[in-house]
Amino acid sequence: MVSTAAVLGVFAVALAMVLTPGPNMVYLLSRSISQGRSAGLVSLGGVALGLVVYVIATNLGLAAVFAAVPTLYLAIKIAGACYLLWLAVSAVRGATKVFEVEGVHRDSNRRLFTMGLFTNLLNPKMAVMYISVIPQFVDPAAGSVFLQGVTLGGVQIAVAVTVNALIVVGAGSIARFLSLRPTWMRVQRYVMGTVLGLLAVRLATDGSRPAPA
């Protein structure tokens, strides 16, 4: 039902976005550096639950929208491309300082999990990801829009959780490494900015249209 090209496309988008500094990365790094790996992993559990909530909620709505108003596909395409372009510019500018975690106090596991959940639910990066970007890889003519959306959402979750878990585990070492090598931070920003920019162009110039419901 879901093509290999769609899976690889979502994989590439998810990887580029999870490696681009944002609220989730800042929160996970701050907890991991200040309270240790276990705190970071508990926080990641909350973030992962937030991703699941997004996948279910957006795909329930997505199936209904595609069935009722197929012409919204173009608006979603433009929104997704513009958002990826904005992320590309933000990544190159490097406005977010992911390793500045001064003033972070220790919290209980329950609070860590809850804060991870709400940090993700209130993250506009994730909202637009599921509403405007992943739908670009859904083909209404290939079967259930809902099942395709959930499958591709699962790919994004797998990438996000895996990469974030590796970041949590190596947060202290990563912070020390990059603080001594600012050139690596610049390289990371330009690579991620380029990938996101190319994906934005791909979405904007893709001439495919959804089949009538």
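Accessible areas here come from the Shrake-Rupley method with a 1.4 Å probe, and for residues only the protein chains shown count as cover. With that in hand, welcome to a predicted model, shown in an overview and a set of close-ups.

**Figure 1. Overview of an all-helix fold.** The secondary structure of the protein amounts to 9 helices and 0 strands, which read along the sequence as α-α-α-α-α-α-α-α-α. About 10500 Å² of the protein is exposed, with carbon and sulfur atoms supplying 70% of that area. Of the 213 residues, 44% are buried. Among contacts with a separation of 6 or more, 87% join residues 24 or more positions apart. Keep that last figure in mind, as several of the panels below show pairs distant in sequence.

**Figure 2. The largest nonpolar core and a second one apart from it.** In soluble globular proteins, nonpolar side chains tend to be buried together. The largest nonpolar core of this model has 28 residues, and those touching the most other members are V13, L51, M129, Y130, F137 and L152. At least two residues of this core come from each of α1, α2 (23-35), α3 (37-68), α6 (124-133) and α7 (145-169). Helix α7 gives the largest share, with 8 residues. Another core lies apart from this one; it has 7 residues, including A39, L44, V47 and L112.

**Figure 3. Helix α1 and its buried residues.** Helix α1 has 15 residues and spans 21 Å from its first C-alpha to its last, close to the 21 Å expected at 1.5 Å a residue. Which residues of α1 are buried? They are A6, G9, V10, V13, A14, A16, M17 and V18. A look at helix geometry helps here: an α-helix has 3.6 residues a turn, so residues three or four places apart point the same way. Follow V13 in this view, and you return to the largest core, where V13 is one of the residues touching the most other members.

**Figure 4. Helix α7 and the cap at its N-terminal end.** Helix α7 has 25 residues and reaches 36 Å between its first and last C-alpha, close to the 36 Å expected at 1.5 Å a residue. What caps the N-terminal end of this helix? S144 does, with a side-chain oxygen 3.4 Å from the backbone nitrogen of F146.

**Figure 5. V2 and A142, far apart in sequence.** V2 sits in the segment before α1 (4-18), while A142 belongs to the loop between α6 and α7. Their C-alpha atoms are 7.5 Å apart in space, although 140 residues separate them in sequence. V2 is also 143 residues from V145 in sequence, at a C-alpha to C-alpha distance of 9.8 Å. Leaving out residues up to four places away in sequence, V2 touches V7, Q148, T151 and L152. With neighbours within four places likewise set aside, A142 is in contact with M1 and Q148. Buried or exposed? Neither word fits, because partly exposed covers the range between 20% and 50% relative accessible area; V2 has 24% and A142 has 32%.

**Figure 6. The stacked pair Y54 and Y130.** The structure holds 1 aromatic pair. A pair of aromatic rings is described by the distance of the centres and the angle of the planes. For Y54 and Y130, the centres are 5.8 Å apart and the planes make 20 degrees, a stacked arrangement. Y54 lies in helix α3 and Y130 in helix α6, so the pair ties together parts that are 76 residues apart in sequence. Both rings belong to buried residues, because buried means under 20% relative accessible area: the value is 12% for Y54 and 4% for Y130.

**Figure 7. T58, beside the aromatic pair.** T58 is found in helix α3 and is buried, at 16% relative accessible area. The side chain of T58 reaches the backbone oxygen of Y54 at 2.5 Å. A polar atom of that side chain also lies 3.5 Å from the backbone oxygen of V55. Beyond residues up to four places away in sequence, T58 touches Y130 and I131.

**Figure 8. S32 in helix α2.** S32 is part of helix α2 and counts as buried, with 9% relative accessibility. A polar atom of the S32 side chain is 2.7 Å from the backbone oxygen of L28. Setting aside neighbours within four places in sequence, S32 is in contact with R37, G40, V168 and A171.

Terms used: Residues are numbered from 1 along each chain as its sequence is written. This is a predicted model: local features need pLDDT of at least 70, side-chain atom pairs count only at pLDDT 80 or more; totals for chains, interfaces and linings use all residues. Side-chain values use heavy atoms; hydrogens and water are left out. Helices (H or I, at least four residues) and strands (E, at least two) are DSSP runs, numbered from the N terminus. Buried means under 20% relative accessible area, exposed over 50%, partly exposed in between (1.4 Å probe, protein chains only). Contact means heavy atoms within 4.5 Å. A nonpolar core is a set of buried Ala, Val, Leu, Ile, Met, Phe, Trp, Tyr and Cys residues joined through side-chain atoms within 4.5 Å. The expected span of a helix is 1.5 Å times one less than its number of residues. A polar contact is a pair of N or O atoms within 3.5 Å; within protein, one must be able to donate a hydrogen and the other to accept it, and residues adjacent in sequence count only if both atoms are side-chain atoms. Rings of Phe, Tyr and Trp (its six-membered ring) pair if their centres lie within 6.5 Å; planes under 30 degrees apart count as stacked, over 60 as edge-to-face and the rest as tilted.
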